[in-house]
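Please take the sequence and the model together, and follow the fold from its overall makeup to its interior and then to individual residues.

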Amino acid sequence: MDDFSAIKKQIREWIKQDFILPKDIPDVELYMDQVTGFMDGHLIHNNRGSEDKTLTKAMINNYTKNKLLPPPVKKKYSKEHIIILIYIYYLKNVVSVNDVQKLLEPMNTRFFNEESAEKEKLSMDDIYGNIYELEKKQYFITERSTAEAMALTEELFPKAEDEYLNKMAFIFLLSYDIYTKKRLIEKLIDEME
C-alpha cells in the first residue's frame, strides 16, 4: 500500500460518521421522545463525547420558537419535521441560528406540507434523498482533500521529526479550509435575502 493510500485509510477512519438514510426516516408521526430517540439512535456516534446530546426536547422547543422548525401537529412530528431537524443538526455547527433560519424558511414554506409540495412537484422527502446522494459523493471529495492536506503537512513537518508541529499544521490547514467554506456559505445565504 502506498503512503497516500495509508493516509486516506487513516482519514476515512477519522471522518467516519453516521448518517440517516432516506429509507430510515419513519413515515409515521412521532412524539417528541420518539424523535429524540430516533435522532440519538442514528447520530449518537457523531457526538464528540459520551455526555453530548444529539438532540434534546429543549433544542426542539427552541427551534420551533425561533421558527426554524414548524410546530408539531397535536404534539406529533412528521417525516418533514425529522428532515428539517437533520438539516438543523448539521447546519447549527457551521453557521448561526439566524443563517439556519434564512436557509430553511423558504424550504419550510415551499415544501413542508403536501399542498405546497404538490405545487412544487417535489417533496421534502425527494429533496432529502437527492441531497443525501450528493453528500455520499462529497464524502469522497472531502476524504481526498483531507488526505492531500495531511500529505502536504507531512512534507513540511514530518510526524517522525516533530509530532506536535505536524498535527498543529494539519489542524491549521483543515481550519483554513473550514473557515473558507464557512465564509462562502455565509455569502450564499446573504444572497438569498
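Helices and strands are taken here as DSSP runs, with at least four residues for a helix and at least two for a strand, and they are numbered from the N terminus. Counted in this way, the protein, which is a predicted model, holds eight helices and zero strands, so that, by the definition of these runs, its elements read α-α-α-α-α-α-α-α from the N terminus on. The C-alpha trace spans about 60 × 35 × 30 Å along its principal axes. Of the 193 residues in the protein, 31% are buried, and among the contacts between residues at least 6 apart in sequence, 62% join residues at least 24 apart.

The interior is best entered through the largest nonpolar core, which has 33 residues and in which Val35 and Met39 touch the most other members. At least two residues of this core come from each of α2 (32-43), α3 (57-65), α4 (79-91), α5 (97-111) and α7 (124-156), and α4 gives the most, with nine residues. Val35 can serve as a point of orientation: leaving out residues up to four places away in sequence, Val35 touches Leu30, Leu55, Ile60, Tyr77, Ile82 and Leu85. A second core, separate from the largest one, consists of six residues, among them Ile7, Ala147, Ala149 and Phe170.

The packing of α2 with α4 can be described in some detail. The axes of these two helices come within 12 Å and cross at roughly 50°; an angle that is neither under 35 degrees, nor over 145, nor from 65 to 115 counts as oblique, and α2 and α4 are therefore oblique to each other. In handedness, the crossing in which α2 passes α4 is right-handed. On the α2 side the contact is made by Val35, Phe38, Met39 and Leu43, and on the α4 side by Ile82, Leu85, Ile86, Tyr89 and Tyr90. The residues of this contact divide into nine nonpolar, no polar and no charged.

Helix α7 also carries two threonines that merit a look. Thr146 lies in helix α7, and because residues under 20% relative accessible area are taken as buried, Thr146 counts as buried at 11% relative accessibility. Apart from its neighbours within four places in sequence, Thr146 is in contact with Ile11, Phe170 and Leu174. Thr153 is likewise placed in helix α7 and, with a relative accessibility of 3%, counts as buried. When residues up to four places away in sequence are not counted, Thr153 touches Pro158, Asn166, Ala169, Phe170 and Leu173. Phe170 thus appears among the contacts of Thr146 and among those of Thr153, and Phe170 is also a member of the second core.

The last stop is the backbone of a loop. Most residues other than glycine have a negative phi. Which values, then, does the loop between α3 and α4 show at Lys67 and at Lys74? Lys67, though not a glycine, has a positive phi of about 65°, while the phi of Lys74, also a residue other than glycine, is positive and near 55°. Since a relative accessible area over 50% is taken as exposed, Lys67 is exposed at 60%, and Lys74 is exposed at 76%.

How values were computed:
Residues numbered from 1 in each chain as written. Predicted model: local features only at pLDDT ≥ 70, side-chain atom pairs only at ≥ 80, totals over all residues. Heavy atoms only, no water. Core = buried A, V, L, I, M, F, W, Y, C linked by side-chain atoms within 4.5 Å. Buried < 20%, exposed > 50% of the residue type's maximum accessible area, 1.4 Å probe, protein only. Contact = heavy atoms within 4.5 Å. Axes fitted to C-alpha atoms, helices over the stretch in contact; angles between N-to-C directions. Left-handed = near helix turned anticlockwise from the far one by under 90°. Nonpolar A, V, L, I, M, F, W, Y, C, P; charged D, E, K, R; others polar.
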